[in-house]
Amino acid sequence: MPSMNCSSEENPGVRIKEIGSFFAGGRRVTLTDQPVQQVQVARNAPARTVDMNGDYITGQCYVQYLRQVAPTFDAPLMFWHGGGMTGAMWETTPDGRPGWHSYFLNAGFDTFVCDAVERGRASWSPYPQIYKEAPVFRTLNDVWNMFRFGPADTYTPEVAEQHPFDAVRFPMSDLESFGAQFVPRWVTHADITLDAYYQALQQVGPVWLIAHSQGGNLALEAAATHPELFRGVVIIEPASVPSATGRAAQVPHLFIWGDNVERFAIWKAYRSATNGYVDQLQSEGCAAKTLDLPALGITGNTHAMMMDDNSDQIASMVLEWICENG
């Protein structure tokens, strides 16, 4: 096993061997009885026939990877994003700092960044022909509440009039930049998303996995049913937990929570359910640990802690935990 680089300093020796991507999962669906249309599909071009009858591939995820010439870890690191988001959330912070993808690449990992089914470069499928329900969309108002930037229902579009929580770590002047990355979300696609993720994991696993929010719930489900695909899972504020632990105790778990959870009923419920799940894991002998950042004296972190102004500090804690459990 290669030696582990557990330093928080950037590694100037990173050399990339391969940058690539692949799609995992998916199935063929045939549509019939669709109207044939005449559509101008290109600017300044004549209309042409668009026939939506035929075969489609649906239910796939997208995975971009960077492989190093000499990774210092013997297993790669994979990222799963949260609800209404894409793998872009790991790449660069809204105020332009390097994201966790860069941090862990520099730490010595081969990296795999995923876009879940129907998100980002994984693409959509026709609605309502294949996706039966309508998607939901995220407003800046909802972002303000769900990411705990400030007191509930106090969002205002004027930056000068916003009143976030004291010492909030998120770069509030770049809130609109953050809002630009949200995408439609089909809330009934957990099962097909997990199927696609399993196929991606089977190609590259076992992996160290960092997952956020909705992605955290999917990660817990995956660890409970397919522990052989993981070296360990890092769960950033999961939106829910599985009904049973299954075989999850075979996999080290790290849970991380930011500040102001107690100010929002929904987050208090999420945290309570997660605490119970952690207790169950620990009773089964799992190496499960919770990092409560405020309890450690690290205050002001939001639900987007990988984008907060101390994101590298939290990443270093994750790296330390990986090294302890690797």
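1. A residue is called buried here if its relative accessible area is under 20%, exposed if over 50%, and partly exposed in between, with a 1.4 Å probe and protein chains only. Helices (H or I, at least four residues) and strands (E, at least two) are DSSP runs, numbered from the N terminus. The model is predicted, so local features need pLDDT of at least 70 and side-chain atom pairs count only at pLDDT 80 or more, while totals for chains, interfaces and linings use all residues. Residues are numbered from 1 along each chain as its sequence is written, and side-chain values use heavy atoms, with hydrogens and water left out.

2. On helix α6, the buried residues are W267, R271, T274, Y277, V278 and L281. They cover an arc of only 125° around the axis (taken from the directions from the helix axis to the C-beta atoms), which puts them on the same side of α6. The face turned away from that buried side carries the exposed residues A265, S272 and S283. Among the elements that cover the buried residues of α6, by contact (heavy atoms within 4.5 Å), are α2 (140–146), α5 (214–225), β9 and β10 (288–292).

3. The length of α6 agrees with expectation, because its 19 residues should span 27 Å at 1.5 Å a residue and its end C-alpha atoms are 27 Å apart; the expected span is 1.5 Å times one less than the number of residues. After α6 comes G285, whose phi is positive, near 90°.

4. The structure holds 25 aromatic pairs, where rings of Phe, Tyr and Trp (its six-membered ring) pair if their centres lie within 6.5 Å, and planes under 30 degrees apart count as stacked, over 60 as edge-to-face and the rest as tilted. F79 and W90 form a tilted pair, 5.0 Å centre to centre with 35° between the planes. F79 lies in strand β5 (residues 77–80) and W90 in the loop between β5 and α1 (100–107), so the pair ties together parts that are eleven residues apart in sequence. Both F79 and W90 are buried, and ring pairs link them with F73, W100, Y103, F104 and F109 into a cluster.

5. W257 and W267 form an edge-to-face pair, 6.4 Å centre to centre with 80° between the planes. This pair links W257 in strand β9 (residues 253–257) to W267 in helix α6 (residues 265–283), ten residues apart, and both are buried.

6. W267 also has a charge over its ring (NZ of Lys or CZ of Arg within 6 Å of the ring centre and within 35 degrees of the ring normal): the charged end of R148 sits 4.9 Å from the ring centre. Elsewhere, R67 lies over the face of Y65, at 5.1 Å from the ring centre.
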